[in-house]
Amino acid sequence: MSDTEKWKDINKSREKRPKVQEYKNWEELSPIPISLPIKGSMGTTGDWRTFRPVIDQENCNKCGICWMYCPEGTIIKNEDGSFRIDLVYCKGCGICAEECPTKNIEMIRESDVSHD
Ligand code: SF4
Ligand code: SF4
């Protein structure tokens with residue numbers, strides 16, 4: 001079954017749709033008329049990011065809200081369902097930290113990060 005046929009089938013029934021947590025990345029979303037984030041649409045961040053987001057892995061409930069809201073598509077789902085951030089493209093906007101329901105993402109000033 002082609003991807004298009006698969007999604008046509010899934011869209012017939014709300015119950016059959018995967019839950020947010022089951023999507024691995026935005027490319028698995030069903031084809032709906034929205035503009036999708038392009039990974040690193042702002043380019044690589046190099047040294048211009050002021051803050052970096054840090055996920056507390058121990059307390060993450062794996063809800064996927066941060067992944068859903070990141071405008072750069074730089075939050076990646078790990079095999080175990082947790083999430084990590086691709087800092088090569090993250091622009092440090094802080095939307096993920098703002099939207100995390102458990103306040104589990106801390107925005108740290110880059111100048112305070114140890115680069116040992
Ligand atoms: S700060 Fe969070 S929402 Fe903003 S680009 Fe980085 S990972 Fe995405
Ligand atoms: S929004 Fe917060 S709790 Fe949910 S997956 Fe992201 S870091 Fe974890």
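This is a short chat about a predicted model with two ligands.

Colleague: What are the ground rules for this model?
Modeller: The model is predicted: local features need pLDDT of at least 70, side-chain atom pairs count only at pLDDT 80 or more, and totals for chains, interfaces and linings use all residues. Residues are numbered from 1 along each chain as its sequence is written, with chains lettered from A and ligands numbered from 1 in the order written.

Colleague: Which residues come nearest to ligand 1?
Modeller: C70, C90, C93, I95 and C96, out of 13 around ligand 1. A residue is near if its C-beta atom, placed from the backbone, lies within 6 Å.

Colleague: And ligand 2?
Modeller: Also 13 residues around ligand 2, with C60, C63, I65, C66 and C100 nearest.

Colleague: Switching topic. What order do the elements run in?
Modeller: From the N terminus, α-β-α-β-β-α-β. These are DSSP runs: helices are H or I, at least four residues, and strands are E, at least two.

Colleague: Which residues make up the largest nonpolar core?
Modeller: I65, C66, W67, C70, I75, F83, I85, C90, C96, C100 and I105. A core joins buried Ala, Val, Leu, Ile, Met, Phe, Trp, Tyr and Cys residues through C-beta atoms within 7 Å. Buried is 20 or more other C-beta atoms within 10 Å of the residue's own.

Colleague: Which element gives the largest share of this core?
Modeller: α2, with 3 residues.

Colleague: What does I75 touch?
Modeller: C66, W67, C70, F83, I85 and C96, leaving out residues up to four places away in sequence. Contact means C-beta atoms, placed from the backbone, within 7 Å.

Terms used:
Buried ≥ 20, exposed ≤ 12 C-beta atoms within 10 Å, placed from the backbone. Contact = placed C-beta atoms within 7 Å.
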